[in-house]
Amino acid sequence: NRLSSSSVGGFYQCEESKPLLGEMSEGNNNTKLGAGPCKRSLHHCSSSGMRYKLLHEGDIQVCVVKHPRTFLSKILTSKFLRRWEPHHLTLTDSSLTSATPTGYMETSLSYSSIEDLQLLSWDNAPKYCVQLSFPGGTVLLQAANSYLRDQWFHSLQWKKKIYKYRKVLNNPSRWDVVLKEIRALVDMALTSPLQDESIHQAPLHIISTLLAENSNLSTQDHENIIVAIAPLLENNHPPPDLCEFFCKHCRERPRSMVVIEVFTPVVQRILKHNMDFGKCPRLRLFTQEYILALNELNAGMEVVKKFVHSMHGPTGQCPHPRVLPNLVAVCLAAIYSCYEEFINSRDNSPSLKEIRNGCQQQNDRKPPMPLRLLPPSIPISSPAPSLPLSPPPSIVNSSEILVELERNNNSANAKRKGGPAGGDSEPNLIDCLLVSPAVNMLSIQLPAQADRVLGCFALILKMLSDYDDWRPALASLLQPIPFPKEALAHAKFTKELKYVIQRFAEDPRQEVHSCLLSVRSGKDGWFQLYSPGGVACDDDGELFASMVHILMGSCYKTKKFLLSLAENKLGPCMLLALRGNQTMVEILCLMLEYNIIENKDTQLQIISTLESTQVGLRMYEQLCDRQRELKELQRKGGPTRLTLPSKSTDADLARLLSSGSFGNLENLSLAFTNVTSACAEQLIKLPSLKQLNLWSTQFGDAGLRLLSEHLACLQVLNLCETPVTDAGLLALSSMKSLCSLNMNSTKLTADTYEDLKVKTPTVH
């Protein structure tokens, strides 16, 4: 290889424009040739705009001629040298090799030995060849047609040039020359007629390797290189090493114009097109550092807000479905990183940052940084005089956190820890959070930088919740509570997050507010965390009341939901009802109406709570009136069969059932009426109902859920031509007495049908 780092740009220029070998001398007219003269194409690039796939291997005919270069034309047109060998050639990173290293291709042909690369064609013979000149000879590659010939030509040319650029940039001497070579490399990638992911990725990898091996570059050199490679990043993700370089630039120079002008379109492309940050976590880290750099500008979060709005777009619907999941992933990772050192200290495992830095051993860990879990300003509990003085606050040390907790001396805490009270074992943060009755009063102080990161990305979550089209997906992504428990004990974070949960609680769409509940039984959801006594509750239950109100207003007015409240949140419900909260008053009345509370003393306590406020007293009196009407309705007597006229409404049904006794009613037909799911409130008052015909009504899923929990004796149900869906039909699996079910002309799917067949084998 005769190429030097200081002359590579000039070499390529002259190699591309140097004159081709001259035609055969016209004076030698006496020589008889076996073929017409050979022509060498002057067009090294596709003038017609053709595009080619980059070749990595392929079958082609090979002919090698060793000769003095001045006699090339004469030899090529001789009829004695026309022996071609078929070979399967592979274009490696450094050479052209054959799968069968025999004959002409016994040894590989290095790209560095190729002096010239040209296209050849004959006038009177359909041969399409590529000429590779090397010292002392020529290699001819013959393709089947002109397209394949051009594809081989451009692929070889690309491999040859990228090989030379890699060698030059791996050994830089003068950075002004290196910068010119980088620009030439970028220009070559942008103008190449080849279409392949590696056409843009290979230059980026070369430049990222160059930057990784030369970390002592000046800031100006950094910015010049970033600007030079910017065109390649318009349609390509930066490789991992380049992401590290970009992250460093964001941290060291957050106010640089490069961040705004160059990094912004790169991050926008990442958020729009990235499918999985797990495959390239440094893309996520780069996006995180870019957002933090925006936050360091004078306008701060206003700039971040404009960026989020630009990602959503000006319309009411974001056209890029991957933007929200990617933004949420970045936010969750950033919030987790604020507590990463403490979380890893529980099992003494190294953090991701330490793994990257090679600090695997305990003695390599960094000295602790101050992060304290402070007790509230008022004491959580005052020890009785008869008890011994409590020991001093326990200190839990970790690699980056100092947690200060008051030791709880009661037996329950000792049992949770598995040892006696006042023992030598240090308290665990999570155990203390579970035991402490005033956990919501604890506050965590983070280091200044971690506090800024936490505040920035918590505010981004607030911004995301303000977009109506993003809110359903955001609620679904946050439903499993993907935050560390330490963050949920951090007063500042839970205060910011409360806004997001409030937005979910205010949204009338079921797919949004249903995500307030836990993702599965046995696991807490936002509903539990922000309820009185929960880890995140700091408002005496105002948000909890809002969540109960929206859930009860949807299709969750069921025994199951009320039973859950009675078992876990009866105390907070009674307290809020005592303070005049109308939603909680309604909840207590429903508990009495549906006989949720079996204990007589608890029933009397609920009645006393209702009678203590005007709104409660009024609603309790209405409940008593309904109960008297219900007793009259369920009194034995009346018809056993009843059919309502067509076009009857919910009000007509309610008026009819309030006119007498229907305790014996077993068969009710509402077919072809205008009743809706609202009539289920009346139907569940019929204790003897066994057959119900709802054919061609507007009875929907909400009504089915109510029927499934209250009409235990129902045996025959006709839902033909009703708007019920899979969500409501699945609730029927709990009706054990049901033996006949008509679901013709509904939105029943095949999967739900098979599921119902398994869960209700007696139904036909």
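# Exercises on a predicted model

Glu721 is partly exposed, its relative accessible area being 39% (under 20% is buried, over 50% is exposed and partly exposed is in between, using a 1.4 Å probe and protein chains only). The model is predicted, so local features need pLDDT of at least 70 and side-chain atom pairs count only at pLDDT 80 or more, while totals for chains, interfaces and linings use all residues. Residues are numbered from 1 along each chain as its sequence is written, and side-chain values use heavy atoms, with hydrogens and water left out.

**Exercise 1. Get an overview of the protein: how many helices and strands does the protein have, and what share of the residues is buried?**

Step 1. Count the elements: there are 32 helices and 19 strands. Both are DSSP runs, H or I of at least four residues for helices and E of at least two for strands, numbered from the N terminus.

Step 2. Turn to burial. Of the 764 residues in the protein, 48% are buried.

Step 3. Check the surface: the accessible area is about 37,600 Å², and carbon and sulfur atoms own 51% of that (Shrake-Rupley method, 1.4 Å probe; for residues, only the protein chains shown count as cover).

Step 4. Look at contacts, meaning heavy atoms within 4.5 Å. Among contacts with a separation of 6 or more, 68% join residues 24 or more positions apart.

**Exercise 2. Find where Glu721 and Ile481 sit, and say what the sign of phi is for Glu721 and for Ile481.**

Step 1. Start with the background: most residues other than glycine have a negative phi.

Step 2. Place Glu721 in the loop between β18 (716-718) and α31 (726-729). Its phi is positive, about 60°, although Glu721 is not a glycine.

Step 3. Do likewise for Ile481, in the loop between α17 and α18. Phi of Ile481 is also positive, near 55°.

Step 4. Add accessibility: Ile481 counts as buried because its relative accessibility is 13%.

**Exercise 3. Stay in that loop and work out which residues surround Phe483.**

Step 1. Pin down the loop: Phe483 lies between α17 (471-478) and α18 (485-488).

Step 2. Is Phe483 buried or exposed? Phe483 is buried, at 8% relative accessible area.

Step 3. List its contacts, skipping neighbours within four places in sequence. They are Leu332, Ile335, Leu461, Leu478, Leu488, Phe493, Leu497 and Trp526.

Step 4. For a C-alpha distance, try Tyr339: it sits 144 residues away along the chain, yet the two C-alpha atoms are separated by 9.9 Å.

**Exercise 4. Take two buried residues, Thr673 and Lys159, and find which backbone oxygen lies by the side chain of Thr673 and of Lys159.**

Step 1. Locate Thr673 in the loop between β16 (667-669) and α29 (680-683). Its relative accessible area is 3%, so it is buried.

Step 2. Find the oxygen for Thr673. A polar atom of this side chain is 2.6 Å from the backbone oxygen of Leu670.

Step 3. Collect what Thr673 touches beyond four places in sequence: Leu644, Pro645, Ser646, Lys647, Ser648, Ser696 and Thr697.

Step 4. Now Lys159, which belongs to helix α3 (residues 146-170). With 7% relative accessibility, Lys159 counts as buried too.

Step 5. Find its oxygen: the backbone oxygen of Leu91 is 3.5 Å from a polar atom of the Lys159 side chain. Outside four places in sequence, Lys159 touches Leu55, His56, Leu91, Thr92, Asp93 and Tyr111.

**Exercise 5. Follow helix α24 to its packing partners, then describe how α25 and α26 cross.**

Step 1. Take α24, residues 570-578. Its buried residues are Leu570, Pro572, Cys573, Met574, Leu576 and Ala577.

Step 2. See what they pack against: α22 (542-553), α23 (559-568), α25 (582-593) and α26 (600-611).

Step 3. Move past the helix, where Gly580 follows with a positive phi near 90°.

Step 4. Examine the pair α25 and α26: their axes come within 10 Å and cross at roughly 145°. Axes are lines fitted to C-alpha atoms, for helices over the stretch in contact, and angles run from 0 to 180 degrees between N-to-C directions.

Step 5. Name the residues that make this contact: Val585, Leu588, Cys589 and Leu592 from α25, with Gln603, Ile606, Ile607, Thr609 and Leu610 from α26.

Terms used. Polar contact = N/O pair within 3.5 Å; in protein donor to acceptor, adjacent residues only side chain to side chain.
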